[in-house]
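Student: Could you take me slowly through one part of this structure, and then show me how the parts around it fit together? I would like to follow the reasoning step by step.

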Amino acid sequence: MPRFLSVTLFLWVFLLRWFQNAVKCEDIFQPDDDVNSTEQILLRQETQLGSVVDLLTQIRDLFNSNTINNTLITYPNVTENPPQELQCKTKFSPVNGVCLHVDFTIREEGLQQAGLSWTAASRYCTGLGADLAAFADANAYVDALNFIHRTNDGKDITMDIWIGGSDEANEGTWLWKNGNHMPRGTPFWGTQRHDNVFHQEPSGGGRQNCAMLWYKNKYFIHDSECEDKAAPLCQHE
Ligand SMILES: [Ca+2]
């Protein structure tokens with residue numbers, strides 16, 4: 001018979017015995033006109049309490065015995081592994097769980113203007129063992145903006161920055177380079193004025209298929225022509 005069934009049966013036997021004792025007490029202490037009713041109640045309670053104490057004593061002995069101890073579940077000690085420190089590659093800085101690098105001086109060969117096309121910027125990042133940045137959420141977006149600000153010693157930046165979003169493959173479907181959908185709307189995408197009306201980006205249609213942080217709109221995300229020149233924001237984990 002399984003051990004827990006033995007313990008359960010044991011407890012039921014003692015509970016039955018206790019109930020039988022209580023019934024006997026009822027029989028013994030029938031109302032008697034010769035005995036004060038308060039004394040009768042006290043005597044009955046004393047007898048019943050004696051039975052309960054006896055039962056609890058036997059239960060305590062049972063719990064202290066190996067029979068119960070052997071049924072207790074023991075849990076192994078769990079040692080949590082400390083979080084591993086993020087190891088960033090050369091040129092990269094740790095920024096809340098990812099490593100970032102932005103280059104405002106890189107330029108395409110033969111050009112005076114700083115900046116790369118989106119494709120060249122993507123190639124530049126992969127050459128460093130990373131890829132163009134992708135923001136997991138709004139906090140990651142803000143962290144990246146703060147990183148860019150610090151990188152330029154807090155001075156104003158007058159250069160657009162490429163990130164890893166595009167709708168080149170399917171117009172209107174904006175994806176990060178890893179295939180995940182880019183977030184849309186506020187607070188990620190900025191606005192642009194067309195015909196005296198402000199439109200939320202992206203608004204360039206089939207002509208603009210690459211995502212950048214546009215400095216003229218406080219570094220909100222805008223769609224842009226992929227051949228435009230901008231600084232690459234690279235990221236790895
Ligand atoms: Ca487009």
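Tutor: In this predicted model, Pro183 is located in the loop that runs between strand 5 (175–176) and strand 6 (191–194). Pro183 has 18 other C-beta atoms within 10 Å and is therefore partly exposed, because a residue counts as buried with 20 or more such atoms and as exposed with 12 or fewer. The C-alpha atom of Pro183 is separated by 8.8 Å from that of Ala136, although these two residues are 47 apart along the chain. Among contacts in the protein with a separation of 6 or more, 61% are between residues 24 or more positions apart.

From this loop, let us turn to the wider framework. The protein has five helices and 10 strands, and 23% of its 237 residues are buried. In the largest nonpolar core, which has 37 residues, those that touch the most other members are Ala133, Ile161, Trp162, Ile163, Met212 and Leu233. Two or more residues of this core are given by each of strand 2 (98–102), helix 4, helix 5 (138–151), strand 4, strand 8, strand 9 (220–224) and strand 10, and strand 8 supplies the largest share, with five residues. As a general background, nonpolar side chains in soluble globular proteins tend to be buried together. Ile161 shows how such a core residue is surrounded, for once its neighbours within four places in sequence are left aside, Ile161 is in contact with Val102, Ile148, Met212, Leu213, Ala230, Ala231 and Leu233.

Strand 10 is a good place to continue. Five of the six residues of strand 10 are buried, so this strand is largely enclosed by the rest of the structure. Strand 10 pairs with strand 2 in the antiparallel sense through four bridges, and one of the residues involved, His101, has Cys234 as its bridge partner in strand 10. Strand 3 also runs antiparallel to strand 10, with two bridges between them, and here Asp131 has Gln235 as its bridge partner. Strand 4, by contrast, is joined to strand 10 in the parallel sense by two bridges, and Trp162 stands opposite Pro232 of strand 10.

Strand 2 deserves a closer look as well. Five of its five residues are buried, with Val98, Leu100 and Val102 on one side and Cys99 and His101 on the other, so to speak of its coverage is to speak of both faces. In a regular strand the side chains alternate between the two faces of the sheet. Strand 2 also pairs with strand 1 (residues 93–95), antiparallel and over three bridges, and Val98 in strand 2 is the bridge partner of Val95. In the hairpin that these two strands form, two residues lie between the strands, and Asn96 takes a positive phi near 45°.

The helices can be read in a similar way. In helix 5, Tyr141, Ala144 and Ile148 are buried, and because these buried residues fall within an arc of 60° when seen down the axis, they line one face of the helix. An α-helix has 3.6 residues a turn, so residues three or four places apart point the same way. The face of helix 5 turned away from its buried side carries the exposed residues Asn139, Asn146 and Arg150, while the buried residues of helix 5 are covered by elements including strand 1, strand 2, strand 4 and strand 10. Helix 5 is followed by Asp153, which has a positive phi near 55°.

In helix 4 (residues 118–127), the buried residues are Trp118, Ala121, Ser122, Tyr124 and Cys125. They cover an arc of only 155° around the axis, which puts them on the same side of helix 4. These buried residues pack against strand 3 (131–132), strand 4 (161–166), strand 8 (210–214) and strand 10 (231–236). Just after helix 4, Gly129 takes a positive phi of about 80°. Strand 4 and strand 10 are thus worth keeping in view, as each is named both among what the buried residues of helix 4 pack against and among what covers the buried residues of helix 5.

Note on methods
Residues numbered from 1 in each chain as written. Predicted model: local features only at pLDDT ≥ 70, side-chain atom pairs only at ≥ 80, totals over all residues. Arc of directions from axis to C-beta. Contact = placed C-beta atoms within 7 Å. Core = buried A, V, L, I, M, F, W, Y, C linked by C-beta atoms within 7 Å. Pairing = 2+ DSSP bridges.
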